[in-house]
Structures are given as structure tokens and as C-alpha cells.
Amino acid sequence: MTDPLPARPPLPDPPGGRPTAPTAARPAPSAVDPAEPAAVALPLVAAVARGVALVVVLPVRLLWELVAAAGRLAYRSLLTPVGRFLGRWLLSPLSWALHRLLWLPLVWGARNLLWVPARWAARVLVWLPLVWLGRGLTWVARTLLWAPLLWLARRGLRPPLVALGRVLVWLAEYLVRRPLRWLGVALTPAGRLVWRGVRALGGAVSAALTGLGRGIWWVVVGFGRLLVAVVVGAWRAAGWVLRQFYRLLLRPLGHGLRWVWRHAVHPLLRGARWAWSVTVVPVAHGIRAAWRATVAPAARWTRRSVLDPARLASREVLGALGLRR
């Protein structure tokens, strides 16, 4: 920019006359107002921007409404009925069948065929004998050991105990041992008969226990085989039900969905792609060409003709006023 010419000083007042108003300095003819081209270019830029917005927004809004309507239609007419159908006629019967035909029989068999017999056998064959044995040992220890030891520990009288022991030994010798010997000699035949009876009774008890054990083992094995047969049968029945379910429901449903995909969704996607290629792509190319032809030159002209001179002028004014270093 060129510097403006200095303003002329005002003329002196005429003698005896009224003072005249000072004349304003005229701007230099070379000074150009940079705001006038911008003011002229603003309506053209606004019109171009409105046209670009109309060309871009309208097809995109129409395409978005079309896609949203297709999505709502597919959700209401296809996905929601299919989900309800699968939930009502597939998942609910399948869960009911698995619960009734597989889970409840397994729980019942495990409880009544394994847990209850095992608990009864452990209680009868292990716990009760151990309780009786513990009670017998406790009674023996308390009656035959603890009471005499306690009495001897309390008294602590050795000579009376020795004398008593000798007396007891003599009494045992003459009142117990010898009579028992004589009684044993006299009762030897009867003892032999009793021993034979005891042996026979022991054999009978052993045979009974052996038969009982074999019976229990047979029952356990039979229950185990029955449980295995029930589990295998339930598994095979569940497999047969699932196969029939797949053959009668899932496979026809899959064929139907494939047919719907081929004849409805796939053509819709092709149509959407064709509509995109026919509408959006040419519009985008046109918008890009219009942008390159209108907005970009206008922006370059605004930057070169308006913004850069204004920036330089403001810099010179600030430098002249001493506000910029």
C-alpha cells in the first residue's frame, strides 16, 4: 500500500469575517477501501453455500430416511417375530425338556441310588460298630482299670495290698484255679460240644454275612447299571430329540432365512448399493467439483485480497503507534 498524501493546512480566516470551518483532508486517490470487494463477493458466496448445502443435505437426508425406514421395517417384520418364535418354540421347550428329561432324573438317581444307600451303609456298617466298640472300650477302661488304679493311688498301702494279693492268690489257687481245673476236666466233653456249636454258629453267621455282602454288592451293581442305562438312555433320547428338532425346525428355518436373505435382504443391499452409486457418488463428485470451482477460489481470493492486506495494514498501524515491536 502507498502512503496517503499529507493534508493541506486550512486557509487563513478573512479579515473581519467569521471563521470558516476547517476543510477535511481528502483521501489519496490511490487509497483503495479493501472492504468493498468483500462486500460485493459476500452474496455470491452465500448463494453458493446455500446451493451446496441444498445439494448435499437433501440426498443424504433422503438416503438416511430410507435406511432408517428399512431398518425399522426389518426389525419389526423380521427380527422381532423370529426372536419371539425362537424364544417361545425353541428355547423354552428345549430348556423344559433338558430340565425334565435330563437334570431331574440325574438328581433323583444320584440322591436315591447313590447318596441314600451309601449313607445307610456307612451308618450301619461303620458308624454303629465304631460307636459300640468305643462304648465297650470306655466301660472296660473305666470299670476295670481306672477305678482300681484310682483306689490304689488313693490308698498307697503296700503291705495290706501285698497281703491281700497273697490272700487273693491263695484263694484264686484253691478256690478258683483248682475247681476250674476240675470243672474243666469234667466239662471238657461239654466244652467240645459247645465249641463245635460256636464254630457252627460262626460259620452260619459268616455265611449270612457273606450272602448279605453279596446281596448288597448285587444291589449296588444293579443300581449302578440301572443308573448308567438311565443316563445313556436319557442322553440318547436327548440326542434324538435334538436331531429331530434340528431336522424339523432348525434346518427348515435356516433354509427359510437363507431364502429370505437371497430374495429380500441381498436384493435390498444391491439396490441400496446401486442407489448409493447413482445418487450419493455423483452428488459427492459434483460437490467436490463445485467446491473446487467456487469455494476454493473464493477462499483464496478472500485470503489474498482481503485478509492479507488487512493484516498488513493492521501491522503497519500498530507499528506506527508503537504498539508492536
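User: Hi! What is the mean pLDDT of the protein here?
Analyst: The mean pLDDT is 75, and 78% of the residues reach 70 or more; pLDDT is the predictor's confidence in each residue, from 0 to 100. Over residues 1-41 the pLDDT is below 50. Beyond near neighbours in sequence, that stretch has 12 contacts in the model, a contact being heavy atoms within 4.5 Å. Where pLDDT is low, the predicted coordinates should not be read in detail.

User: Thanks! Any ground rules?
Analyst: This is a predicted model, where local features need pLDDT of at least 70 and side-chain atom pairs count only at pLDDT 80 or more, while totals for chains, interfaces and linings use all residues. Residues are numbered from 1 along each chain as its sequence is written, and side-chain values use heavy atoms, with hydrogens and water left out.

User: How many helices and strands are there?
Analyst: There are 2 helices and 0 strands, taken as DSSP runs numbered from the N terminus (helices H or I, at least four residues; strands E, at least two).

User: And where does V67 sit?
Analyst: V67 belongs to helix 1, residues 35-155. A272 is 205 residues from V67 in sequence, yet their C-alpha atoms are 8.5 Å apart.

User: Why is V67 called partly exposed?
Analyst: Because its relative accessible area is 49%; buried means under 20%, exposed over 50%, and partly exposed in between (1.4 Å probe, protein chains only).
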